Structure formats: structure tokens, C-alpha cells
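Student: Got a minute to go through this model with me? I'd like to know what backs up the words people use for it.

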Amino acid sequence: MKKNIIKISEQELQNIVKESVKKILHENYQMNSVDELMEFMWLRPKMTHLNVDIFVDDGQSYIRHKHELLLFVRNGYDKHVNEFIPFSVSQNPIVLDDVMDFNISYDDIFCVQDFILANLNSLQSLANRNISQFSFIQSIRIPSYALCERKEMLNEMSTLRKEDTNLPVDVWVDEGATFQGHAPRLKFRASQEQRTTREFSSMLLTNPPKIENMPKNSPLRKKDIEKLESFVINNLELLLKLANGEIDFTTEFLPNVKY
């Protein structure tokens with residue numbers, strides 16, 4: 001009897017492996033029940049100056065469950081939300097779930113990452129029971145949360161806020177030929193390490209758009225990038241005119257931009 005042999009390409013195999021890894025990560029780092037939060041210490045925004053509730057390991061939960069040290073973030077701004085985003089507590093804090101849809105802003109995700117980095121030693125000591133909960137609270141360092149407070153932004157580009165555009169992040173657009181020396185582009189913050197617009201990722205004003213300086217550890221999803229690409233394609237002519245200084249941002253660009 002002749003056996004049927006199914007042939008798949010190398011790219012198809014890579015996609016299968018990638019999706020399998022995503023599924024494993026999702027299953028390993030998601031709580032099966034909110035009761036598991038009993039193993040974590042609840043830190044409210046008034047303690048952390050974050051905009052979201054976070055939950056930190058205060059008794060070796062990560063050892064009992066045989067995974068890396070985690071911090072959970074409530075996936076929403078209402079205390080009744082019972083879905084939580086897992087972050088790694090490490091020198092490179094990342095979201096450990098490639099499946100979940102975020103119901104908090106990327107700005108707040110970046111700020112949680114800043115909090116982890118600023119308090120890494122204390123978070124590890126608390127988890128390992130080397131310090132008490134009281135000592136941990138006393139030791140909490142409040143990062144500057146530069147993006148959240150808008151203190152370190154440069155002003156060479158005009159900002160389209162996500163609240164007005166329904167895009168996943170704020171975008172900065174060229175106006176008045178400020179792109180000289182570069183191709184016309186818009187900019188957006190793709191990771192917590194990017195502190196000013198000079199460091200942000202760029203999307204070139206082309207069809208199809210091309211992304212430059214995209215960090216590997218960005219929490220932005222593929223669908224978020226696709227929304228940005230659609231915005232560029234749908235407004236390409238308008239964006240190029242703005243970048244070349246042919247139209248005014250307030251009176252001619254904003255009234256005609258398509259979201």
C-alpha cells in the first residue's frame with residue numbers, strides 16, 4: 001500500500017513551530033483561575049503611580065509552578081476585569097503571551113516595563129522571601145514614566161494621538177520638510193526602550209510602507225502594524241504633501257485625514 005506523503009515548505013514548517021510555541025506560552029503563563037492571585041501581592045496605582053493594577057510574586061510562586069519569575073497586570077482599568085497580562089521579571093521585561101488582546105494602552109505596557117526595570121532587585125528579593133512585603137513597599141522606586149508624563153518628547157514632528165485616530169499608538173508625522181536627510185516617514189513608539197522621537201520606529205511613506213528601526217521585543221501585534229500601514233496607504237498623498245510643506249497641519253491636513 002502506497003503511503004501518502006505530505007510535503008510542506010520550510011516557511012510552512014517555521015509557521016507551524018511558531019504557532020505551537022505561542023500556544024505553549026499562552027497555556028504556561030495564563031492563570032487558570034483568579035484564585036492563583038492569592039500567591040501574589042496586589043499593588044494598586046496609588047502605590048506604583050502606574051495606571052493599572054499589578055500583582056507581584058511575594059512567596060516563591062514561580063518556583064512552585066516551575067516557570068520564570070512573573071508579574072501580572074490587570075488587562076483593563078476596572079477592578080472587576082479578571083484577565084491578566086503576564087510579564088517576565090527580568091532585565092528584558094516582555095509580555096509572555098502572543099495571543100491575548102490588550103485592553104490597556106501600549107503606553108501603560110511600556111510603563112509597567114519601566115517599573116520592572118526600576119525595581120528588579122526588589123521584585124526578585126520579594127519573590128524569594130529575602131525581604132518582607134513592608135520592606136518591598138518602602139523600597140519601591142517610581143520611574144519617570146517619560147512617555148506617560150510627556151516630559152521627554154521632542155517637538156520636531158506633529159502628534160496624532162491614538163485617542164483621536166483609533167490607531168494602536170500615537171504617531172508623529174513629518175511636516176514642513178523636517179525629513180531632510182531621511183525619506184518621508186511617520187514615527188511611532190514600538191518599545192519601552194525608545195525614549196524620544198529620535199529613537200522611535202519609522203514607517204516610510206510608501207506603498208507598501210516599509211518599517212525601519214523596529215525592535216525585536218516590541219509588544220505591538222501584527223494587526224497593530226497593519227493598522228498603521230493602512231493609515232499610511234489611505235493617506236499617502238496627504239502625508240507626502242504635509243511632509244513636503246505643501247499643506248498646513250491644522251487647517252488642511254487634519255480636516256482631510258482618513259482614520
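**What backs up the words**

Tutor: Sure, and keep in mind that this is a predicted model. Start with strand E4, residues 84–88: five of its five residues are buried, so the strand is largely enclosed by the rest of the structure.

Student: What makes a residue of E4 count as buried, and which residues lie on each side?

Tutor: Buried means under 20% relative accessible area. Phe 84, Pro 86 and Ser 88 on one side meet that, and so do Ile 85 and Phe 87 on the other, so both faces of E4 are covered.

Student: Why are E3 and E4 called paired?

Tutor: Pairing takes at least two bridges. Strand E3 (residues 70–74) has five to E4, so the two count as paired, and they run antiparallel. Leu 71 stands opposite Phe 87 in E4.

Student: On to helix H10, residues 236–243. How do you know where its buried residues sit around the axis?

Tutor: The buried ones are Leu 236, Leu 238, Leu 239, Leu 242 and Ala 243. They cover an arc of only 165 degrees around the axis, which puts them on the same side of H10. They pack against strand E6 (171–173), H9 and helix H11 (249–253). Just after H10, Gly 245 has a positive phi of about 75 degrees.

Student: And what lines the second largest pocket?

Tutor: That pocket has a volume of about 240 Å³ and 15 lining residues, with Phe 102, Tyr 106, Pro 168, Asp 224 and Lys 227 nearest its centre. The lining divides into six nonpolar, three polar and six charged residues. Helix H9 (residues 222–234) gives the largest share, three residues.

Conventions:
Residues numbered from 1 in each chain as written. Predicted model: local features only at pLDDT ≥ 70, side-chain atom pairs only at ≥ 80, totals over all residues. Heavy atoms only, no water. Buried < 20%, exposed > 50% of the residue type's maximum accessible area, 1.4 Å probe, protein only. Helix = DSSP H or I, 4+ residues; strand = E, 2+ residues; numbered from the N terminus. 1 Å grid on protein atoms, 1.4 Å probe; cavity = no way out; pocket = protein on both sides within 12 Å on 5 of 7 lines; lining within 4 Å. Points joined across faces, edges and corners; volume = space filled by probe spheres on them. Nonpolar A, V, L, I, M, F, W, Y, C, P; charged D, E, K, R; others polar. Arc of directions from axis to C-beta. Contact = heavy atoms within 4.5 Å.
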